[in-house]
Amino acid sequence: MKFQIEDVTVYFPYDHIYPEQYSYMIELKGTLDAKGHCLLEMPTGTGKTIALLSLITSYSLSKPQSPMKLIYCTRTVHEMEKTLAELKILHNYQIKHLGPQARILAIGLSSRKNLCVNPTVVAAENRDSVDAGCRKLTASWVRALAEENTDVTTCEFFESYEKAASAAVLPPGVYTLQELRAFGKEKGWCPYFLARHMVQFANVVVYSYQYLLDPKVAGIISKEMQKESVVVFDEAHNIDNVCIEALSVSVRRQTLEGATRNLSRISQEIDRYVFFYSRGLYRCQFLNWIMVGRFKATDTSILRAEYNRLVEGLVLGGNLPITDNWLSNPALPDDILKEAVPGNIRRAEHFLHVLRRLVQYLSGRLDTENVEKESPVGFVASICSHAGIDQKTLKFCYDRLHSLMLTLEITDTDEFLHIQTICDFATLVGTYGRGFSTIIEPFDERMPHIPDPVLQLSCHDASLAIKPVFDRFQSVVITSGTLSPIDLYPRLLNFHPVVSRSFTMSLTRDCICPMVLTRGSDQLPVSTKFDMRSDPGVVRNYGKLLLEMVSVVPDGIVCFFVSYSYMDGIINTWNDSGILKEIMQHKLVFIETQDVVETTLALDNYRRACDCGRGAVFFSVARGKVAEGIDFDRHYGRLVIMIGVPFQYTLSKILLARLEYLRDTFQIKEGDFLTFDALRQAAQCVGRVIRSKADYGMMIFADKRYSRHDKRSKLPSWILSHLQDANLNLSTDMALHIAREFLKKMAQPYDKTGSSDKKTLLSQEEMEKLGDGSMHEMSY
Amino acid sequence: MASTHVTKRAKYKTTIKDPGTPGTLRMTFEKILFVPHNPKSAGKLDVEFRYIKGKKHTKEGSNKPPWLNLTNNQNGSFIFEFENYSDLQECRDFVGKVLAKGGEVSEKPTVAYPDEQLSAAEMELRIKLLQEDSELQKLHKQFVLSGVLTETEFWATRKKLLDREASKKTKQRLGFKSAMISDIKPSTDGRTNKVTFNLTPEVILQIFAEKPAVHRAFLSYVPNKMSERTFWTKYFRAEYLHSTKNSIAAAAEAAEDEELAVFLKQDDILASEARKKIRRVDPTLDMEADEGDDYTHLPDHGILREGSKEMTESQNELYKRSLSQDINRHAAVVLEGRAVDVELEDTKAVAEALAQSKQKSSNKGESDGDTSRERLDRLSRMTEIEDLQGPNTLPLAPLCIKDPRDYFDSQQANALRSSGDALGEIEQIKCGLSTQEVYGSLRESISSIKAMGLKEPIVKPEVAHQVFDALTNSISNTKYHIGKNPQESVLDRLPRKTKEELLHHWTSILELLKHFWASYPITTTYLYVKVNRLKDAMSNIYPQLEALDAAIQHYEASMQKRSAQSGERPNGYV
């Protein structure tokens with residue numbers, strides 16, 4: 001359908017629209033007009049994504065004189081695919097109505113691992129080896145060598161992409177990752193570099209949060225995005241965590257050992273050059289180098305050339321070929337010093353000495369028996385006094401290493417991750433004085449008998465990483481189904497939204513049924529509170545709850561636990577007591593594990609079990625990967641059971657440090673933040689059941705603590721408004737009864753458009769009939 | 001015909017060789033009386049009919065004299081020689097009639113309820129059929145309960161219904177049990193530490209399916225390298241080690257025993273299968289792709305999360321297998337279903353059959369490698385928001401067509417609603433084409449097929465659907481319009497109840513007629529009795545029909561009168 005919002009004609013690819021989608025668009029348009037930032041909370045299951053895409057693309061179509069780019073950030077690759085699929089529906093619709101002028105280019109961007117089509121490279125196990133495998137074939141020096149020596153292999157896809165030069169463009173259209181790969185295969189062009197290239201020209205770019213928030217990645221990928229862009233962070237309830245993770249590094253024993261190995265390898269490489277430089281060639285070794293393709297045709301004075309370049313103040317030699325790009329500086333662009341590398345590390349050998357001393361110092365610090373917490377300033381001071389490395393030198397560590405690796409023409413970068421981590425650490429600790437702390441823990445609190453020292457530099461201030469984004473781009477939209485309390489986010493992220501709103505959901509029928517279960521079938525309270533969680537009675541009550549539900553609820557059931565270890569424990573107990581066997585008689589059981597491949601396959605099987613009518617239960621973990629981004633809509637999830645309140649591990653030193661920082665800086669109370677954080681996770685978990693108003697699902701919060709007002713009130717309003725007082729303090733048998741009633745009610749046919757006084761679905765005519773004014777009133 | 005007795009001259013013979021005693025044979029419903037002409041001869045006979053079991057007679061045209069041979073229940077026989085065949089016939093018929101009558105009493109327990117031996121399942125099936133189809137139930141009530149037809153007769157003409165249901169049942173393959181393999185608990189003798197496992201081929205098949213490595217090991221080790229008994233002993237030893245969750249002990253034992261290590265190690269076949277499968281999963285689920293995108297999974301970047309530590313544990317990891325893995329694997333296998341169809345008896349056979357079926361499925365997997373399109377379709381279907389979109393699929397009638405009338409009536413409604421105008425379009429297109437154009441397009445499509453081969457759906461689903469629609473439309477048209485059109489039938493002008501009654505009579509008459517004609521030629525007394533019963537039932541209905549007929553005539557007359565009065569004329573009436 002097609003309708004006006006003030007001066008913009010909005011093209012919406014469906015015949016009907018929800019009223020809240022319409023008001024969402026109005027708010028969004030206000031934000032775009034004001035060129036400001038906004039914060040919008042809209043319940044899941046109301047078509048946020050399509051409303052967003054629809055308005056922003058229509059907005060930019062209506063203003064052809066000032067084209068606007070949409071940068072759409074998702075948390076996961078599968079969400080990226082979903083978004084692009086929705087965009088494709090929209091794009092087809094717009095082309096149908098507007099003709100070729102509506103054509104846009106929309107691409108998804110991911111890592112080499114997900115885009116590479118070279119069979120030998122992509123066969124590698126993980127992302128890092130794919131990256132390294134690609135560099136081995138495409139690095140500028142490898143290609144230069146290949147021109148002289150035909151034995152050196154290059155990547156045919158990259159070569160033909162390079163050959164096509166400026167002719168290598170993507171025709172307009174919407175490209176998911178899969179389609180990018182297909183296009184690349186067909187043309188024989190490398191899809192990864194093609195996509196990287198096309199990012200500058202695309203109207204819509206969909207990629208992961210980190211491509212914008214993590215300075216290491218943003219520095220190379222998002223450098224050239226124009227100011228006139230709209231940045232959307234979808235499902236942004238965890239955005240503060242992404243921000244602080246982007247600036248946090250930890251160092252462990254293995255890291256230091258690996259770094260030491262890396263350093264000796266680098267020094268071997270340097271010696272080789274020096275050896276060339278000073279003595280000429282050793283015949284046999286020369287042959288050997290030719291064999292392994294290590295021989296560099298240029299004069300061996302590149303180290304000298306690098307030194308000269310560094311003296312001139314250039315950290316990296318001007319414009320690097322796209323293939324030589326490495327991860328960028330871990331510090332934020334504004335904080336990187338624009339000056340020459342300090343003299344004491346300009347020479348490769350000297351730099352290596354500095355790094356050796358640093359590694360030695362860090363390993364000394366790891367040998368502690370007590371937990372140590374220090375501010376970065378103090379840490380730098382002690383490095384300076386013990387290892388003789390000053391702050392400025394630390395700050396340049398990353399760039400200097402990068403330059404050295406390039407100079408040494410090292411392609412197997414996956415081998416050098418450890419030293420890279422050390423340099424990241426050094427640069428960050430040297431750059432930031434506040435908002436961070438360094439924490440050394442000799443062992444994990446939960447396993448005190450196993451020594452596992454770790455040194456963590458953790459960022460506490462989410463606003464640091466996101467600040468450049470707010471500063472740089474015209475509009476930033478932060479949206480999710482759970483942003484309650486909505487006034488907290490501007491404080492955490494330190495920005496001033498022009499619009500900040502929370503929408504409720506107008507339902508045709510009560511298609512969600514939240515319940516708080518406080519007691520088991522034996523009327524004893526259930527909870528995952530630390531002192532209760534391992535009580536056999538509680539475990540049994542949870543098992544009985546699931547068992548009863550499994551026999552009543554059709555199709556899919558999802559069950560979230562508070563942590564992996566708790567889930568493992570409880571499943572083992574259920575297995576021993578036979579409850580699991582009984583559950584299996586009703587439904588198949590699938591479990592999220594730490595192994596993503598296995599979890600993905602389990603999910604796939606879970607969906608097939610729901611599709612074929614067998615029905616299944618999926619055990620998952622709050623804060624896990626599944627909870628973050630997999631939908632359990634329609635028959636894939638008729639019931640979600642949230643077992644326990646997913647609090648963070650409150651004894652974690654990092655968390656404590658962050659809480660302290662939040663209290664001191666933003667006056668946010670510890671308890672409030674913890675509850676807020678736990679409840680947003682819980683809401684996120686249960687919110688995955690519903691996708692549209694035709695869908696329905698139940699949510700059981702199984703913990704006595706949910707019945708307390710201070711916990712419950714932190715839930716988003718769209719859940720709270722359906723949580724009836726009668727459902728606040730249930731036992732298993734009562735919940736079972738309610739579930740039966742609810743399912744029976746939902747199975748009846750109903751009028752999708754809602755009753756006449758409260759429209760929940762609007763058609764084209766109704767949209768035209770209703771003026772803007774009345775629409776506004778209706779949706780509030 | 002309906003005479004109560006027959007009297008004929010005949011000769012009575014005690015044996016075939018006996019020349020016979022001439023006399024008069026008199027048969028009534030009760031008894032057979034033979035009085036010889038010569039009162040002194042000893043051939044006098046007085047037998048009650050209930051002792052007579054059967055009759056044989058010579059055929060007309062054969063060179064034998066017209067004999068009637070009645071056998072009694074002591075295997076004795078009475079032979080009568082008649083003067084001519086017509087006498088014989090008359091007597092034969094009479095005997096037949098009487099015997100049949102007697103049979104009705106005596107045979108009932110054996111013939112009328114042969115279905116007492118029916119299995120409970122069959123009985124249930126019949127009851128289910130009756131419950132599902134009210135019309136059938138009505139017929140059943142009318143004929144079987146009132147005794148016109150027996151239960152067997154009624155169902156004999158509906159074998160198809162029974163068969164289909166039955167065959168459906170047998171065809172369904174059993175899946176795996178929902179219980180896990182680890183639930184196999186050993187039995188102990190209570191005195192020693194020895195435990196005994198009871199393995200059925202069923203369980204073994206499940207083990208093989210869930211643990212391909214064990215399957216492979218079985219194929220290569222048994223019986224060349226070790227006996228089946230040792231094999232399973234080792235297997236359960238390994239399972240025991242797993243259950244102790246002591247990965248160090250497991251590693252130690254594995255180091256000593258190469259074969260045991262096979263069971264203890266992570267299943268490498270599973271791992272490679274997983275890698276293959278992961279390429280085919282729905283992209284909206286693919287968390288592995290996430291991993292590839294995730295920069296914070298660079299070692300030691302980001303904040304340590306719970307659990308990330310376990311990734312870097314010692315090499316004993318190799319011998320560690322979690323319960324979750326087992327559960328996932330079990331559920332996947334159960335979901336996949338059982339591929340092997342063989343009668344499970346021999347373990348070796350089980351193993352080989354499974355290997356074969358795997359080979360087949362992997363071949364298939366390679367051949368239909370291009371599932372990406374299907375995945376994309378699925379994805380786009382999933383992305384659509386269902387209630388914002390208009391109804392996507394046409395309303396479908398349920399697949400099970402018990403009563404064609406229901407089906408066609410509902411299809412008619414659909415067809416009228418949706419495809420009315422579409423049909424018009426098709427006809428227009430057809431009309432607009434000249435012969436040349438048709439020929440040209442045919443040639444074109446043939447050459448394109450030659451060049452590119454057949455495309456996957458030879459007929460586009462939309463086209464097929466349209467054709468199908470048009471066909472149902474025209475078929476249902478005739479059915480539906482019967483009675484709609486006043487010129488064709490009067491049925492629909494009747495009140496609803498009468499119409500239903502009429503239809504019911506119609507079906508019941510059909511049922512009776514079917515049975516009636518099926519009984520001819522009457523070769524047994526049983527059939528004879530049946531036909532009689534049918535005739536009675538039909539004659540019961542007939543007067544009702546006449547009454548209906550009269551009613552209809554009366555109705556028509558009054559309608560005509562009324563229309564003539566109001567001056568309205570029915571359609572088409574000039």
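Let me start with the overall dimensions of chain A in this predicted model: a compact globule of 780 residues would have a radius of gyration near 28 Å, and because chain A comes out at 28 Å, its value agrees with that expectation. If you lay the chain along its principal axes, the C-alpha atoms fill a box of roughly 90 × 65 × 50 Å. As for secondary structure, chain A contains 34 helices and 23 strands, and 63% of its 780 residues count as buried. The contacts within the chain are worth a moment too, since among those between residues at least 6 apart in sequence, 80% join residues at least 24 apart.

To bring that down to a single residue, let me turn to A:Lys711, which sits in helix H30, residues 709–712 of chain A. Is this lysine buried or exposed? Its relative accessible area is 9%, and because the cut-off for buried is under 20%, A:Lys711 is classed as buried. Its side chain makes a polar contact of 3.4 Å with the side chain of A:Asp710. Once we set aside the neighbours within four places in sequence, A:Lys711 is in contact with A:Phe647, A:Thr675, A:Leu679 and A:Arg705.

Now to the interface between the two chains, where 99 residues of chain A are in contact with 64 residues of chain B. The size of an interface is often given as the accessible area lost when the parts come together. Here the area buried between chain A and chain B is about 7400 Å², with carbon and sulfur atoms giving 57% of that figure. Which element of chain A contributes the largest share of the side that touches chain B? That is helix H26, residues 596–611 of chain A, from which 14 residues come. By residue class, the side of chain A that touches chain B divides into 38 nonpolar, 28 polar and 33 charged residues. With those charged residues in mind, how many salt bridges are counted between chain A and chain B? The count is zero, while the rule for polar contacts finds two residue pairs across the interface, both at pLDDT 80 or more.

Finally, a word on chain B, where helix H7, spanning residues 212–221, is mostly covered, with seven of its 10 residues buried. The buried residues of that helix are B:Pro212, B:Ala213, B:Val214, B:His215, B:Ala217, B:Phe218 and B:Tyr221.

Notes: Residues are numbered from 1 along each chain as its sequence is written. Chains are lettered from A and ligands numbered from 1 in the order in which they are written. This is a predicted model: local features need pLDDT of at least 70, side-chain atom pairs count only at pLDDT 80 or more; totals for chains, interfaces and linings use all residues. Side-chain values use heavy atoms; hydrogens and water are left out. Contact means heavy atoms within 4.5 Å. Buried area is the accessible area (1.4 Å probe) that two parts lose on being put together, summed over both. A salt bridge is a side-chain nitrogen of Lys or Arg within 4 Å of a carboxyl oxygen of Asp or Glu. A polar contact is a pair of N or O atoms within 3.5 Å; within protein, one must be able to donate a hydrogen and the other to accept it, and residues adjacent in sequence count only if both atoms are side-chain atoms. Helices (H or I, at least four residues) and strands (E, at least two) are DSSP runs, numbered from the N terminus. Ala, Val, Leu, Ile, Met, Phe, Trp, Tyr, Cys and Pro count as nonpolar, Asp, Glu, Lys and Arg as charged, and the others, Gly among them, as polar. The radius of gyration is taken over C-alpha atoms; the globule rule is 2.2 Å times the number of residues to the power 0.38. Buried means under 20% relative accessible area, exposed over 50%, partly exposed in between (1.4 Å probe, protein chains only).
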